[in-house]
Amino acid sequence: MAQILRTMCCTAALCAASGLAWALPSFDDVRAAYPSSETLVLDRHGELLQRLRTDYTVRRGEWVSLEDTSGALRLALVLSEDRRFYAHSGVDWASVSAAAWGHLFHERTRGASTISMQLVGLLGEGDRPRSGQRTVLDKVGQVVSGTVLDRRWRKDRVLEAYLNLVPWRGELVGIDALSRTLFGKAAHGLDDGEAAIAAALVRAPNAPVAQVARRACGVWRDMLQARAQSAPVTQPDCLWLTMLTQSALERSAYASSAGIAPHAARQALRAARPAPQGQQPPLLTTLDARLQRVAQESLGRHLRELRGREVNDGALVVLDNASGDVLAYVGSSGELSQAREVDAAMALRQPGSTLKPLLYAQALAERRLTAASLLHDAPTHIDTSGGLYIPQNYDRDFKGWVSVRTALAASLNVPAVRTLAMVTPAAFARQLRDFGLALPHTGDYYGFSLALGSAEVSLLALTNAYRTLANGGHHGNVRFLPGPMPAPGPVVIDPRAAYVVADILSDPNARARTFGTRSVLATRTWTAVKTGTSKDMRDNWVVGWSHRYTVGVWVGNAEGQAMRDISGTSGAAPVWADLMQALESGMRPDPAPAVPAGLVRQSVRFSPDPPGESGRTALEATRSEWFLSGTEQTVSTRLASRTAPSDPGGSRSGTGMAALPEPMRITSPVSGTVIALDPDIPPTHQRLTFKAQGVDVRWELDGQPLGRGPRLAWLPWPGRHQVRVVDARGTVRDEIRIEVRGAGLAQPMGQDRRVSCTKCLPLGTQSPSNP
């Protein structure tokens, strides 16, 4: 009866094993289902951009074909695990017999499991640890399945699958993960010593280093003898292999991310729906690998040139205007940065004067201004709940009455604040949100400093806001994943106002008063561009667009330190110009955008006199200007009353009715003024003007004679200074104390000390952002 039961059990075991064997998957199925722990992120043309780890439960690399592994590795594995691999048919019966006799006489023998039999276990168990004793049914099943597998699969495929599925050490599974982690190279580059170590790890993946080294030494000797080389290797010859083993097993150099677009790859993964978990097929993105390399190279090269000016970080974004596709995205300066993992393109920072085009677009759309309207660029005091707000900019003194075209292109601060006073901070904040700039506070929170970029925005959002201007006021979302061409988004600003702003920002003559006529901002093709610098020189921006693309660049420091001696054209602008050149290379120059309906071209003359008066030189040359239909004017003149309600703080600005004779005193700046240096305006083009009333005014600076006259232009330098006016007898009639903050040019000998300078503020008030 017992014999019958044993026979029935064996028969059942064989039947079960046969069933499992015939259920084995094909090689193609196994390779197709290989669960890599990484996601490959590709550019729009299928070129590899980035490799990102997305499964942290196990570490697998890519599937490696057998021809892409080194011959040394194949030899070492066969000698170590299955010497007769190419001779048997899935089961090495000679090894089975030897193992059985050894078990009978309690002798240690070589294992009888072939590579085919081990692979059957891997196919059934995945990457679970191989521990514990196998049952008789397990062993019988391996024997049967190994035979079937060897008949259905070619030998090279058996070995290839085994190399990719076998666990090695720790979390490492597959030869790609092992070779890149322990040896820092691809599997095809493994030499004899490295191959011996890899083969030694198959038997005991987590064994101590000394044990792995001893076994690797044995494998290495077998390899040399198999190649019929010279005399047998002695034990001392393995010392180098012991050292190599110790070094390799201490390494963990297989980075979780590698490529040229780490931050863009993460953004693309976040945009994928559902969010990737574990194994993922290659992810196609909108990026262009060629442009991404150009962007990285340009940003890195320029930042290296600026290292002496305390600039370490940068970011840039290139958008396709029509689709919103992100074509290039560099979130960090990489090895130059102390915070390379921080995505600076998404970090919130003060944008400085780059908000001005959006402000003027709103004022034009609401018909509060035209491109020819005159704004007063003069000292202005505005009462706020926090005290007096006094924005100022210095570029060879205030410019007086200037047109909106000049005010925007030359990035003048006072006219921008006056414009915000017309629009109101609350309304402008709502408009910024329509442009996609998600401000965390209301406009009243920021106050009039919002005109100069006191709110924090990201480079990606700001660049997309400029793309809205490029698209004639249609706002759309950016995208990292390709798809059908999206329909035009909602109109968030009057297309005619967007066109006028674009025309101003593309006008090299209009910005010449600040940036000169040979600025790096001047490109071969039509482009509209604006610079910006936040307070204390912490952030420098350039954002601009052509007919096809919008490019935004930021440079600064991720940790928030101030830069030194950086201007609007020396910071981010050269990188922006490089990208624009690369984008338009080989293409016909872009024409200017098409003029939208409802715009009128009108010749306008700029008169310095109120209506009914004449005789003085024109404020600006007569020119043709664009007007929204119904706002045309042939003459643009200042208001008869400079203290009109639309002129914020007019009576405080010193431009009201004629003053009565008073004793000699300093009228501007006020004592306690803090001057924040502005890098956006070239240093040699800027002066702080001292003003006084009285007769025969003589100026002293820090006890030294400075000059004579009621107005005196001074090129300031950082520090605290005492300014006095004295009469002809040297008697001090008035004095003030001022402070200049920020980095400037080194103080030269003599009294002509030069540095760029902008806004003056009383001590104790918050400094607004620089243009």
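## Exercises on a disulfide and paired strands

The torsion about the S-S bond of Cys217 and Cys238 is about 75°, so this disulfide is right-handed. Keep in mind that the model is predicted. With that as a warm-up, here are some exercises to work through with the structure open.

**Exercise 1.** Find what Cys217 and Cys238 tie together, and decide whether each is buried or exposed.

*Solution.* Start with the bond: the sulfur atoms of Cys217 and Cys238 are 1.7 Å apart, which falls within the 2.5 Å cut-off for a disulfide. The structure holds one disulfide. Next, place the two residues. Cys217 belongs to helix H10 (residues 209-226), while Cys238 sits in the loop between H10 and helix H11 (239-249), so the pair ties together parts 21 residues apart in sequence. Finally, check the accessibility, where buried means under 20% relative accessible area. Cys217 has 3% and is buried; Cys238, also at 3%, counts as buried too.

**Exercise 2.** Work out the strand order of the open sheet that contains E19, E21 and E24, and say which strands stand at its edges.

*Solution.* The open sheet has three strands, in the order E19-E21-E24, with antiparallel pairing. Strand E19 (665-668) and strand E24 (711-714) stand at the edges, each with a single partner strand, so one side of each is left without a neighbour in the sheet. From one strand to the next, the twist averages 30°. Now look at one pairing in detail: strand E21 (residues 688-693) and E24 are joined by four bridges in the antiparallel sense. To locate this pairing in the model, pick Thr689, whose bridge partner in E24 is Ala713.

**Exercise 3.** Trace the pairings of strand E25 with E22 and with E26, then find which residue takes a positive phi in the hairpin of E25 and E26.

*Solution.* Recall what holds such strands side by side: strands of a sheet pair through backbone hydrogen bonds, either parallel or antiparallel. Begin with E22 (residues 698-701), which runs antiparallel to E25 (residues 719-726) and is joined to it by four bridges. A useful marker here is Arg698, whose bridge partner in E25 is Val726. Then turn to E26 (residues 732-741), which pairs with E25 over eight bridges, again in the antiparallel sense. Here Gly719 has Val740 of E26 as its bridge partner. Last comes the hairpin of E25 and E26: five residues lie between the strands, and Gly730 takes a positive phi near 85°.

Methods:
Residues are numbered from 1 along each chain as its sequence is written. This is a predicted model: local features need pLDDT of at least 70, side-chain atom pairs count only at pLDDT 80 or more; totals for chains, interfaces and linings use all residues. Side-chain values use heavy atoms; hydrogens and water are left out. Helices (H or I, at least four residues) and strands (E, at least two) are DSSP runs, numbered from the N terminus. Buried means under 20% relative accessible area, exposed over 50%, partly exposed in between (1.4 Å probe, protein chains only). Two strands pair if DSSP finds at least two bridges between them. Axes are lines fitted to C-alpha atoms, for helices over the stretch in contact, and angles run from 0 to 180 degrees between N-to-C directions.
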